Amino acid sequence: MSGKTMTGKVLELATSRKTVRKFSAKQVSMDDILYALETARQAPSGANGQPWRFIIITEPDLKKRIRDASEKAERALYTKVKGDFKDWLLNHGLSHEKPFLEEAPLLIAVLMNPSAMYAKESIWTAIGHLLLALEERGLSTITYTPSNTNLPLAELDAPQGLKLEAILPVGYSDDETPKEPKKDLEEIAFMNRWGVKPTPPHSRA
Ligand SMILES: Cc1cc2nc3c(=O)[nH]c(=O)nc-3n(C[C@H](O)[C@H](O)[C@H](O)COP(=O)(O)O)c2cc1C
């Protein structure tokens with residue numbers, strides 16, 4: 001790949017973004033959050049079903065209840081987990097404790113209408129938009145996927161039938177952990193057939 005094609009605003013945001021699990025106490029502007037949700041709203045979705053709904057959670061008591069509900073289920077998961085996933089969790093210092101659910105100035109609960117077409121794929125496309133928009137505004141997050149979504153969902157008075165897909169604590173990073181390594185482009189992208197390196201148009205025969 002030539003160096004010129006490997007520059008651009010979206011790539012810069014995607015590269016600088018990383019998962020953050022420690023947040024400073026600095027407050028977040030609601031304008032930035034609404035900007036990010038407006039960006040998520042523009043995402044494509046199966047049959048334009050737009051299965052996403054968002055609840056912005058700012059009340060400290062509610063954040064605590066969501067943390068308690070989430071940790072209750074995580075405790076059960078962490079006693080059961082085995083193999084590579086267990087090693088990965090231990091290597092990353094992760095446990096059933098989820099302090100970021102209280103420490104982040106706010107949470108965005110991402111709810112999904114599961115009867116929409118391709119609901120899950122669509123939700124995660126919107127979350128991808130949201131992550132880059134937060135990054136653009138200098139904000140960080142973690143796509144926390146509770147191991148039992150029913151417990152935190154019960155705190156939110158959401159209409160019947162909606163599912164909780166993720167909780168995104170949002171704030172300014174206080175996390176020095178480096179971004180996780182990514183596979184090289186050569187390892188994941190091919191042209192016409194498996195194993196053939198993509199070539200820029202000008203060098204094609
Ligand atoms: C679908 C999805 C679910 C995730 N769930 C969790 C989670 O429940 N807890 C957690 O600590 N991180 C979670 N993560 C964050 C990943 O661990 C993280 O994205 C990955 O290690 C790569 O690191 P990076 O985001 O810094 O590039 C999740 C990420 C995705 C995309």
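Biologist: Leaving aside its neighbours within four places in sequence, which residues is L168 in contact with?
Modeller: The structure is a predicted model, in which local features need pLDDT of at least 70 and side-chain atom pairs count only at pLDDT 80 or more, while totals for chains, interfaces and linings use all residues. Residues are numbered from 1 along each chain as its sequence is written. A contact requires that the C-beta atoms of two residues, placed from the backbone, lie within 7 Å. With neighbours up to four places away in sequence left out, the contacts of L168 are L107, I108, V110, T141, I142, T143 and Y144.

Biologist: Which element gives the most to the largest nonpolar core?
Modeller: A nonpolar core is a set of buried Ala, Val, Leu, Ile, Met, Phe, Trp, Tyr and Cys residues joined through C-beta atoms within 7 Å; buried denotes 20 or more other C-beta atoms within 10 Å of a residue's own, exposed 12 or fewer, and partly exposed the range in between, with C-beta atoms placed from the backbone. The largest such core has 34 residues, and those with the most contacts inside it are L107, A109, V110, L168 and V170. Two or more residues of this core come from each of α2, β1, α3 (60–80), α5 (100–103), β2, α6 and β4. The element that gives the most, with 7 residues, is α6.

Biologist: In what order do the helices and strands of the protein run from the N terminus?
Modeller: Helices (H or I, at least four residues) and strands (E, at least two) are DSSP runs, numbered from the N terminus. The protein has 8 helices and 4 strands. Their order from the N terminus is α-α-β-α-α-α-β-α-β-α-β-α.

Biologist: Over how many bridges do β2 and β4 pair?
Modeller: Two strands pair if DSSP finds at least two bridges between them. β1 and β2 satisfy this in the antiparallel sense over 6 bridges, and F54 stands opposite V110 in β2. Within β4, V170 is the bridge partner of L106. The pairing of β2 with β4 is also antiparallel, and its bridges number 7.

Biologist: Why is β2 described as largely enclosed by the rest of the structure?
Modeller: The description rests on the count of buried residues in β2. The strand is largely enclosed because, of its 7 residues, the number buried is 6.

Biologist: What distance separates the end C-alpha atoms of helix α6?
Modeller: The expected span of a helix is 1.5 Å times one less than its number of residues. For the 18 residues of α6 (residues 119–136), this gives 26 Å. The model agrees, since the end C-alpha atoms of α6 are apart by 26 Å.

Biologist: Which elements do the buried residues of α6 pack against?
Modeller: The buried residues of α6 are A119, S122, I123, A126, L130, L131, A133 and L134. Just after this helix, G138 adopts a positive phi of about 80 degrees. The packing partners of the buried α6 residues are α2 (30–41), β1 (52–57), β2 (106–112), β3 (140–141) and β4 (163–171).

Biologist: How many residues of helix α4 are buried?
Modeller: Helix α4 (residues 83–91) has 9 residues and is hardly covered. Just after α4, G93 has a positive phi of about 65 degrees. The count of buried residues in α4 is 0.

Biologist: Is Y35 buried or exposed, or does it fall in between?
Modeller: Y35 lies in helix α2 and, apart from neighbours within four places in sequence, contacts A133 and R137. Its C-alpha atom is 16 Å from that of P169, 134 residues apart along the chain. Because Y35 has 17 C-beta neighbours inside 10 Å, its class is partly exposed.

Biologist: Where is A47, whose phi is positive, placed?
Modeller: Phi of A47 is near 50 degrees, a positive value in a residue other than glycine. A47 is exposed because 9 other C-beta atoms lie within 10 Å. Its place is the loop between α2 and β1.

Biologist: Which residues are around the ligand?
Modeller: A residue counts as near a molecule if its C-beta atom, placed from the backbone, lies within 6 Å of it. The shell divides into 3 nonpolar, 3 polar and 3 charged residues, where Ala, Val, Leu, Ile, Met, Phe, Trp, Tyr, Cys and Pro count as nonpolar, Asp, Glu, Lys and Arg as charged, and the others, Gly among them, as polar. The residues around the ligand are K18, T19, L94, I142, T143, Y144, T145, K179 and E180.
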